[in-house]
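Here are some exercises to work through with the model open beside you. Try each task before you read its solution.

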Amino acid sequence: MKIGQNSVVELCYELEVDGEIVDRTTREKPLDYIQGTGSLLPKFESNVEGLEPGGKFSFTLTPEEGYGEVDPDRIIDLPKQAFEVNGVIQESLLVPGTTIPMLNGRGGVVPGKVLEVSENSVKMDLNSPMAGKTLNFSGEILTVREATEKELHDGLHGENVHSCCGGHHEGGCGHHGDGEGCCGGHHGDGEGCCGGHHGEGDGCGHHGEGCCHKDE
């Protein structure tokens, strides 16, 4: 079966950026998704369209086809109160270089990198870690099948019916209008941390799915 609209695809891939492998999935732990439902970068999907199990791919995406150029408007100053969880500012998170999952105004999770910390504010870079980067993908298609009606409705892993507090991007938990907010914690006019959880490194927009996934 060839990859087409509403196909469930399992694939393994490597992503090379600036001469280094920055992300990969394996045969044992492949990336799976539903083709044509907007979960992956559109140009990624178009490059694997029509492939069958066993088919190999190798292609390059420009910044415009990937995560765009670095947007200076996404480098912002936030009050420290935006990082309160249960009334306590999470000082341990506020270290330059730390990446903190942030909730945007649509309830989606985006990675925010701490740039500077002052007495009352935090400068955050909300650009994708892959913004401005040329993405070199290579890999192999493992399986292809038709999605079920339940998968199309609920999402392949139920992501369409779970909230962000359940570990998924969708849902309204922590959604506070046009601004950003903490998931279950204090919120202000700007961004906020998601439950005080944070990862190390650049995050790569990675929430268990890989760098070819769209940013929220």
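**Exercise 1.** Find the hairpin that joins strand 9 to strand 10, and work out how many residues it passes through.

Solution. Start with the elements: helices (H or I, at least four residues) and strands (E, at least two) are DSSP runs, numbered from the N terminus. Strand 9 covers residues 109–117, and strand 10 covers residues 121–125. The hairpin between strand 9 and strand 10 goes through three residues. Next, check the pairing, for which DSSP must find at least two bridges between two strands. Strands 9 and 10 run antiparallel, with four bridges between them. One pair to look up is Glu116, whose bridge partner in strand 10 is Lys123.

Before you go on, a word on the model. This is a predicted model in which local features need pLDDT of at least 70 and side-chain atom pairs count only at pLDDT 80 or more, while totals for chains, interfaces and linings use all residues. Residues are numbered from 1 along each chain as its sequence is written, and side-chain values use heavy atoms, with hydrogens and water left out.

**Exercise 2.** Strand 10 also pairs with strand 5; determine the direction and find a salt bridge that links the two strands.

Solution. Strand 5 (residues 75–79) is antiparallel to strand 10, and five bridges join them. Pro79 stands opposite Ser121. Now look for a salt bridge (a side-chain nitrogen of Lys or Arg within 4 Å of a carboxyl oxygen of Asp or Glu). Lys123 and Asp77 form one, at 3.3 Å from N to O. Since Lys123 sits in strand 10 and Asp77 in strand 5, the pair ties together parts that are 46 residues apart in sequence. As for accessibility, buried means under 20% relative accessible area, exposed over 50%, and partly exposed in between (1.4 Å probe, protein chains only). At 23%, Lys123 is partly exposed.

**Exercise 3.** Which strands does strand 11 pair with, and how many bridges join each of them to strand 11?

Solution. Take strand 1 (residues 7–17): ten bridges join it to strand 11 (residues 135–146), and the two run antiparallel. Val9 has Val144 as its bridge partner. Then take strand 4 (residues 56–61), which is also antiparallel to strand 11 and is joined to it by six bridges. Here Phe59 has Phe137 as its partner.

**Exercise 4.** How many salt bridges are counted, and which parts of the chain do Arg24 and Glu14 tie together?

Solution. The count comes to eight salt bridges. In one of them, the side chains of Arg24 and Glu14 meet at 3.0 Å, N to O. Arg24 lies in strand 2 (residues 20–24) and Glu14 in strand 1, so the pair links parts ten residues apart in sequence. Arg24 is partly exposed at 47% relative accessibility, and Glu14 is partly exposed at 32%.

**Exercise 5.** Compare the two partners of the salt bridge between Glu91 and Lys80: is each buried or partly exposed?

Solution. The closest N and O atoms of Glu91 and Lys80 are 3.7 Å apart. Glu91 lies in the loop between strand 7 (88–89) and strand 8 (99–103), and Lys80 in the loop between strand 5 and strand 6 (84–85). Glu91 is partly exposed, at 43%, whereas Lys80 is buried, at 11%.

**Exercise 6.** What pattern does the chain follow along its sequence?

Solution. The chain has two helices and eleven strands. Their order is β-β-β-α-β-β-β-β-β-β-β-β-α. Of its 216 residues, 43% count as buried.
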